[in-house]
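I opened a new structure today and kept notes as I went. Each entry covers one thing I looked up.

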Amino acid sequence: MFYNPFLRIKEDTIRKLMAMGKPHVVIQRFQWPGQPLQKTFLLSAYEQEYEAHLHERELRSNEGKAQNLLDLTQYQNIIKLLKPAEGIGVFFAGTIDAKHEARLQKAYAKAVSAYIHHIRMKKEDHYDVRIFVEYGRLKAEISSGDQSHTALFYDMIK
């Protein structure tokens, strides 16, 4: 079983995001071990429309799009994706906190170590791995001394 640090979104999650003043969302394709391709998505929420459009501009063609939950049609489209009959999984792209980051590092320590070996990064004392979400993509920054390398976390663990 693969450890997935993201929260599965349900209709009440959407209502909570709106109540928090975050009606502008970006929904994008999400790739993670153990999740079916083309049926898994990540949702990022924003207060301001321009923030969602900034995120949307960082996506590849057909990777995702911005939606305004205050628009009834767009809201219903998102809710439709959440129905179990659709067979689609939607997760929330929340900030990874220290607890989740530690779990990720522990769950995938061997894979990250193999990735570091693969990129042939030289070790100066020790490696630091920082995990973060940027434009709906889980990334990891590996550093050792003055060296630094950033990559998609999925590419490190697949």
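**Entry 1: the nonpolar cores**

I started with the largest nonpolar core, which has 20 residues. Those with the most contacts inside it are W32, L104, L138, F153, M156 and I157. I then asked which elements give two or more residues to this core. They are α5 (109-119), β7 and α6 (153-157). I noted that this is a predicted model.

Next I looked for another core. One of 15 residues lies apart from the largest. Among its residues are I14, I27, L69 and L82.

**Entry 2: two members of the largest core**

I picked I157 and listed what it touches. Leaving out residues up to four places away in sequence, I157 touches W32, P33, Y108, A111 and V112.

Then I turned to L104. It is found in helix α4, residues 98-107. Is L104 buried or exposed? Its relative accessibility is 0%, so L104 counts as buried. I set aside its neighbours within four places in sequence and checked its contacts. L104 is in contact with Y3, P5, W32, I131, L138 and F153. W32 is on this list, and W32 is also touched by I157.

**Entry 3: two distances to E49**

I compared sequence separation with separation in space. L104 and E49 are 55 residues apart in sequence. Their C-alpha atoms are 31 Å apart.

I did this again for Q67, which sits in strand β4. Q67 and E49 are 18 residues apart along the chain. Their C-alpha atoms are separated by 8.9 Å.

I stayed with Q67 for a moment. Its relative accessible area is 9%, so Q67 is buried. Beyond its neighbours within four places in sequence, Q67 is in contact with P23, H24, V25, I27, Q74 and I78. I recognised I27 from the core of 15 residues.

**Entry 4: salt bridges**

How many salt bridges does a search of the whole structure find? It finds eight. I reminded myself of the background: side chains of opposite charge can pair when their charged atoms come close.

I looked at K83 and E11. They form a salt bridge, with the closest N and O atoms 3.8 Å apart. This pair links distant parts of the chain, 72 residues apart. K83 is in the loop between α3 (72-81) and β5 (89-92). E11 is in helix α1, residues 11-19. K83 has a relative accessibility of 41%, so K83 counts as partly exposed. E11 is partly exposed too, with a relative accessible area of 30%. I also found that E11, R15 and K83 are linked in a network of salt bridges.

I moved on to E63 and R137. Their side chains meet in a salt bridge, 2.7 Å from N to O. Where are the two residues in the chain? E63 is in the loop between α2 (49-57) and β4 (64-68). R137 is in strand β7, residues 137-144. They are 74 residues apart, so this pair also links distant parts of the chain. E63 is buried, with a relative accessible area of 7%. R137 is buried as well, at 14%.

I checked K139 and E134 too. Their side chains meet in a salt bridge, 2.6 Å from N to O. K139 has a relative accessible area of 19%, and the cut-off for buried is under 20%, so K139 counts as buried. E134 is partly exposed, at 32%.

**Entry 5: the largest pocket**

I recalled the idea behind the search: rolling a probe the size of a water molecule over the atoms shows where empty space is left. The largest pocket has a volume of about 360 Å³. It is lined by 18 residues. The closest to its centre are R29, F30, Q31, R60 and E63. I had met E63 already, in its salt bridge with R137.

Which elements each supply at least two residues of the lining? They are β2 (24-29), β7 and α6. I sorted the lining by class: six residues are nonpolar, seven polar and five charged.

**Entry 6: the whole protein**

I zoomed out last. The protein has six helices and eight strands. Along the sequence, I read the pattern β-α-β-β-α-β-α-β-α-α-β-β-β-α. The C-alpha atoms fill a box of roughly 55 × 35 × 30 Å, taken along the principal axes. Of the 158 residues, 41% count as buried.

My final lookup was on contacts with a separation of 6 or more. Residues 24 or more positions apart account for 63% of them.

Terms used. Residues numbered from 1 in each chain as written. Predicted model: local features only at pLDDT ≥ 70, side-chain atom pairs only at ≥ 80, totals over all residues. Heavy atoms only, no water. Salt bridge = Lys/Arg side-chain N within 4 Å of Asp/Glu carboxyl O. Helix = DSSP H or I, 4+ residues; strand = E, 2+ residues; numbered from the N terminus. Buried < 20%, exposed > 50% of the residue type's maximum accessible area, 1.4 Å probe, protein only. Core = buried A, V, L, I, M, F, W, Y, C linked by side-chain atoms within 4.5 Å. Contact = heavy atoms within 4.5 Å. 1 Å grid on protein atoms, 1.4 Å probe; cavity = no way out; pocket = protein on both sides within 12 Å on 5 of 7 lines; lining within 4 Å. Points joined across faces, edges and corners; volume = space filled by probe spheres on them. Nonpolar A, V, L, I, M, F, W, Y, C, P; charged D, E, K, R; others polar.
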